[in-house]
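Reader: I am new to this structure and should be grateful for a close look at a single part of it. Please describe the enclosed spaces, and then the setting of any bound metal.

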Amino acid sequence: MIIERVTLRLLDLPLVEPFRTAHGSTTTRQIVVARVDTDRGHGWGECSALPEPTYTAEYALGAFVTISEHLAPLLLAPGVDVDGSTIAAALSPIVGHPMAKAGLEMAVLDAELRHEEISLATHLRTMDGGALGAPGSAGPGPQSVPAGAALGLVPLDTVGARVEQLAAAGFGRIKVKIEPGADLSVVEAARAAVPGIDLQVDANGSFADQHRTLVAEIAHAGVSAIEQPFSPEAVDLAAELVATAPVPIVADEAAPTADHVADLVAAGAASGVSIKPARLGGITAALDLVDRCRSWGLAATAGGMIECGLGRHALIALSALDTFSITGDLSPGGRWLAADPWPDVTMTNGAMTVPRGPGVAPEPDPDVLDRFTVRAVTISR
Ligand code: OSB
Ligand code: MG
C-alpha cells in the first residue's frame with residue numbers, strides 16, 4: 001500500500017477512577033491514535049504508551065513527536081510501499097520506540113484488512129499457522145474468551161467491596177495490584193470477599209530481596225498467578241520463586257522483547273509471560289512471541305494497557321489464539337475510560353466477544369474524537 005497521509009491525534013480521555021500501581025497514579029488517559037490514508041482506503045492504529053514514562057520509557061506525548069517527526073516520514077518517503085507484514089522493516093531505521101511503531105503497524109494492518117474485508121481475529125489465526133493446519137490455531141477460533149479485570153491499588157478497607165463489584169459485573173478473574181505494605185492483606189481481603197474468583201496479583205516489580213518470604217506466602221495464598229513480583233533485573237529472585245511457587249510467575253516489565261523472554265526462560269526466571277502487543281512493537285512481534293511460547297511451553301496471558309476501544313479490539317482478537325492459558329486483562333475499554341471515541345468491545349456472561357468485523361475495530365465517533373483531541377498533526381506525502 002502507498003501511504004498518502006498520516007493523521008495523529010493526542011487524546012486526553014477521562015478515567016472512571018485513577019489507575020494506581022506501584023509505578024504511580026494515572027488520572028487521565030492521554031493516548032495517541034493514528035489514521036493512515038492509503039491508496040486502498042484508510043485505517044486506524046492506537047499507540048498505547050501511557051501518559052508518563054513510568055512503566056516503559058515511552059509516553060504518549062513523546063510518542064506523538066516520535067511518530068510525527070521520525071516514523072511517519074519513513075512511510076511517506078518516495079517509493080515506499082508497505083503492508084502489515086513489511087511495515088516493521090520500513091520503520092527499523094529508528095531505534096526502539098516499540099509502542100510508537102505498534103501504533104502505525106495497527107493503522108496499516110487495519111487499512112489492509114478492511115480493504116480485504118477480513119477481521120483481525122481471522123488474520124491472526126491464518127498468520128499463526130492456521131492456514132497450514134499446524135502448529136498454531138487452525139480453524140475459525142473461539143467466539144469469545146473469558147473476561148478479566150484489573151483492580152488498581154485501592155485502600156485496604158475497600159478491596160473486598162471492589163472485588164465483589166467486579167465479580168458482580170461478571171468478571172471471573174480479577175488481577176489485583178499489590179506492593180510492599182499492600183500485599184498479603186490485599187490478597188486475603190480479595191479472597192475472602194469472593195472465595196470462588198480466579199485471583200491474580202501484579203506487583204509491577206515492587207518487591208525486593210527482603211520480601212522473598214512474603215512473596216512466597218502470597219504464592220500459596222490462593223492466587224492463580226503472580227505478575228512481575230520483583231524488578232526486571234532481579235533474575236535470581238525470580239528464579240528462586242519460579243522453582244518453589246505452585247503458580248505461574250508471569251513476566252511483564254521484564255518482557256520488553258521476545259529475546260528477553262528467551263533469556264528469562266533459559267534462567268528459569270519466568271513460568272509465564274504477559275504478551276502486550278503494544279509494548280513488543282506490534283501485532284507481528286506479539287505473534288512471534290506467541291509462537292515461541294509454544295516451543296518453550298511457557299504459559300501466556302494477554303496484557304492490557306488501559307487501551308481505548310480500538311486497542312481493546314486488537315487485544316481481544318489476539319487473546320483468541322490457543323497460547324493464552326492464563327486469563328488476561330480482557331475487559332471493555334469502559335472498565336477504565338469514562339469517554340472513548342471507539343465503539344467498545346462486547347462483554348456477555350463473563351466473556352468477551354471476539355471481534356469479527358473487517359479490520360481491527362469499527363470507526364470511531366468523529367465528534368467524540370474531536371472533543372477529546374488535545375493535539376493533532378497531519379503529515380502528507
Ligand atoms: O502492569 O499490567 C500492568 C496497564 C498499564 C500498564 C501496565 C499494566 C497495566 C495493567 C492492565 O495492569 C490493566 C488493564 O488494561 O485493564
Ligand atoms: Mg503488569
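**Cavities and the metal site**

Author: Strand 9 contributes three residues to the lining of the second largest cavity, the largest share from any element. The model is predicted, so local features need pLDDT of at least 70 and side-chain atom pairs count only at pLDDT 80 or more, while totals for chains, interfaces and linings use all residues. Residues are numbered from 1 along each chain as its sequence is written, chains are lettered from A and ligands numbered from 1 in the order in which they are written, and side-chain values use heavy atoms, leaving out hydrogens and water.

The second largest cavity (points on a 1 Å grid over the protein atoms alone where a 1.4 Å probe fits but cannot get out) has a volume of about 100 Å³, the space filled by probe spheres set on points joined across faces, edges and corners. Its lining, residues with an atom within 4 Å of a point, consists of 14 residues, and Gln228, Phe230, Ala238, Ala254 and Ala269 lie nearest the centre. Two elements give two or more residues to this lining, helix 8 (235-244) and strand 9 (249-251); helices (H or I, at least four residues) and strands (E, at least two) are DSSP runs numbered from the N terminus. In character, the lining of the second largest cavity comprises 12 nonpolar residues, two polar and no charged. Here Ala, Val, Leu, Ile, Met, Phe, Trp, Tyr, Cys and Pro are nonpolar, Asp, Glu, Lys and Arg charged, and the others, Gly among them, polar.

In total, the structure contains three cavities of 30 Å³ or more. The largest cavity encloses about 120 Å³. Around the largest cavity stand 15 residues, with Ser48, Met106, Pro277, Ala278 and Ala314 nearest its centre. At least two lining residues come from each of helix 3 (98-116), helix 10 (277-280) and helix 12 (309-319), and helix 3 has the largest share, three residues. Seven residues of the lining of the largest cavity are nonpolar, four polar and four charged.

The bound metal is a magnesium ion (ligand 2), coordinated at 2.0 to 2.2 Å by Asp202 (OD), Glu227 (OE) and Asp252 (OD). Donors are N, O and S atoms within 2.8 Å of the metal (3.2 Å for Na, K and Ca); water is not among the atoms, so sites may look incomplete. Along the sequence, the donor residues of this ion follow the spacing D-x24-E-x24-D. Distant parts of the chain are thereby linked: Asp202 lies in strand 7 (residues 198-202) and Glu227 in strand 8 (residues 225-227), 25 residues apart. Asp202 counts as buried because its relative accessibility is 0%, and Glu227 is buried too, at a relative accessible area of 3%. Buried means under 20% relative accessible area, exposed over 50%, and partly exposed in between, with a 1.4 Å probe and protein chains only.

Definitions and conventions. 1 Å grid on protein atoms, 1.4 Å probe; cavity = no way out; pocket = protein on both sides within 12 Å on 5 of 7 lines; lining within 4 Å.
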